[in-house]
Amino acid sequence: MEQDSAPGVGESELAGSFASYTAGLAFALLLTGASFIVSQTHLLWAPGVPAGLIVLAIAQMGVHLVFFLHIGTGPDNTNNVLALAFGVLIVVLVVSGSLWIMAHLNANMLSPSAIMQMQR
Amino acid sequence: MSAHAGIAGPAPVRIVVAYGFWIFLLSDIILFSALFATYAVLSGQTAGGPSGRELFELRHVGVETLCLLFSSYTCGLGVLAIERRRLQGFYLSFALTFVLGAAFLGLELSEFVGLIARGAGPSRSAFLSAFFSLVGLHGAHVSAGLVWMSFMVAQTAVRGPRDFVRRRLLCFSLFWHALDIIWVALLTLVYLLGAR
């Protein structure tokens with residue numbers, strides 16, 4: 001049978017522990033609840049609600065990454081963190097780039113009413 | 001490479017497998033980011049049809065979120081149980097994971113059917129096309145996850161908690177947790193911001 005774990009690397013390191021999963025669930029429930037409250041009540045200043053929701057969502061993704069996917073600071077995790085950083089870079093480029101380009105395209109396009117007037 | 005890894009020798013198979021699967025998951029997240037970008041661009045283009053504010057029922061979405069969150073938790077517990085060779089705990093956790101995942105999928109399908117019945121199907125407007133492809137892709141991933149989960153439970157039953165079976169279960173749990181991360185983004189950007 002092949003040896004799966006290196007000496008000194010406990011099995012629990014990759015699979016986490018009961019306490020860490022339960023803590024992750026508690027944090028995730030708390031953040032999800034906060035998101036629903038923020039979006040449904042006037043607790044936050046109305047124009048700040050989208051920013052608040054995005055902050056809560058990023059926090060919850062961090063909780064999932066650390067407590068469920070075990071992306072942490074351990075020596076075996078350096079490659080995972082670097083890959084994650086690259087993935088985040090690509091996601092940010094795709095999403096923000098699309099929004100940026102499409103907003104400018106919209107601004108440069110004639111509105112439908114302007115086209116109608118030209119056809120007359 | 002840190003000095004620690006140099007002393008320990010080559011990385012164990014389990015860590016290499018998890019790393020490779022993590023790269024696959026990141027590529028999957030990039031696939032989703034393209035659809036998120038599409039949705040963000042098209043979310044206002046309702047073509048005179050219903051907008052998210054009129055369509056989304058947050059109570060329904062909240063139950064879906066709870067199903068997925070608890071299924072992620074039970075999936076993690078199942079992997080812990082198999083690492084400690086506790087087969088019964090593993091089967092119980094994965095049965096719960098499957099039921100919660102199937103419940104999520106059922107709720108999502110009922111939402112889709114309700115929307116189509118109200119005339120708000122994917123062909124109604126660019127907003128709804130983007131909505132159905134984004135949320136539907138996540139649903140397709142959950143369906144694939146349910147199939148994979150069934151195979152892994154069968155394989156565990158036949159082959160026992162061997163090294164390669166536990167590695168595959170670890171990969172499955174990473175997949176299932178990653179779907180939960182994508183759902184967090186979906187919940188916030190599509191539902192909570194769209195229902196305002």
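This report describes a predicted model of two chains, A and B.

## The two chains

Both chains are helical. Chain A has five helices and zero strands. Its elements run α-α-α-α-α from the N terminus. Chain B has seven helices and zero strands. Along its sequence the pattern is α-α-α-α-α-α-α.

The table sets out the values for each chain.

| Chain | Residues | Buried | Contacts (separation of 6 or more) that join residues 24 or more apart |
|---|---|---|---|
| Chain A | 120 residues | 20% | 50% |
| Chain B | 196 residues | 38% | 82% |

Chain A is divided into two domains: domain 1 covers 14-70 and domain 2 covers 75-120. The C-alpha centres of these two domains of chain A are 25 Å apart. For chain B, the C-alpha trace spans about 65 × 40 × 25 Å along its principal axes.

## The interface

How many residues of chain B are in contact with chain A? The count is 45 residues of chain B, against 46 residues of chain A. On the chain B side, four elements give two or more residues each: α1 (3-8), α2 (13-42), α4 (58-83) and α7 (163-194). Which of them gives the most? That is α2(B), with 16 residues. By class, the chain B side holds 31 nonpolar, nine polar and five charged residues.

## A helix pair across the chains

Two packed helices are described by the angle between their axes and the distance between the axes. Here the pair is α2(A), residues 18-40 of chain A, and α4(B). The angle is about 170° and the axes lie 10 Å apart. An angle over 145 degrees counts as roughly antiparallel, so α2(A) is roughly antiparallel to α4(B).

Chain A brings Phe18(A), Tyr21(A), Leu25(A), Ala28(A), Leu29(A), Thr32(A) and Phe36(A) to this contact. From α4(B) come Leu58(B), Gly62(B), Thr65(B), Leu69(B), Tyr73(B), Gly76(B), Leu77(B) and Leu80(B). An α-helix has 3.6 residues a turn, so residues three or four places apart point the same way. The contact of α2(A) with α4(B) has eleven nonpolar and four polar residues. It has no charged residues.

## Helix α4 of chain B

α4(B) has 26 residues. From its first C-alpha to its last it reaches 38 Å. That is close to the 38 Å expected at 1.5 Å a residue.

Why is α4(B) described as largely enclosed by the rest of the structure? Because 19 of its 26 residues are buried. Just after this helix comes Arg85(B), which takes a positive phi of about 60°.

## Arg14(B)

Arg14(B) sits in helix α2 of chain B. Is Arg14(B) buried or exposed? The cut-off for buried is 20 or more other C-beta atoms within 10 Å. Arg14(B) has 21, so it is buried. Ala95(B) is 81 residues from Arg14(B) along the chain. The C-alpha atoms of the two residues are separated by 25 Å.

## In short

The predicted model pairs chain A, with five helices, with chain B, with seven helices. Across the interface, α2(A) packs against α4(B) at an angle of about 170°. On the chain B side, α2(B) gives the most residues to the contact with chain A.

Technical notes: Residues numbered from 1 in each chain as written. Chains lettered and ligands numbered in written order. Predicted model: local features only at pLDDT ≥ 70, side-chain atom pairs only at ≥ 80, totals over all residues. Domains from an automatic or database assignment. Contact = placed C-beta atoms within 7 Å. Nonpolar A, V, L, I, M, F, W, Y, C, P; charged D, E, K, R; others polar. Axes fitted to C-alpha atoms, helices over the stretch in contact; angles between N-to-C directions. Parallel < 35°, antiparallel > 145°, perpendicular 65-115°, else oblique. Buried ≥ 20, exposed ≤ 12 C-beta atoms within 10 Å, placed from the backbone. Expected span 1.5 Å × (residues − 1).
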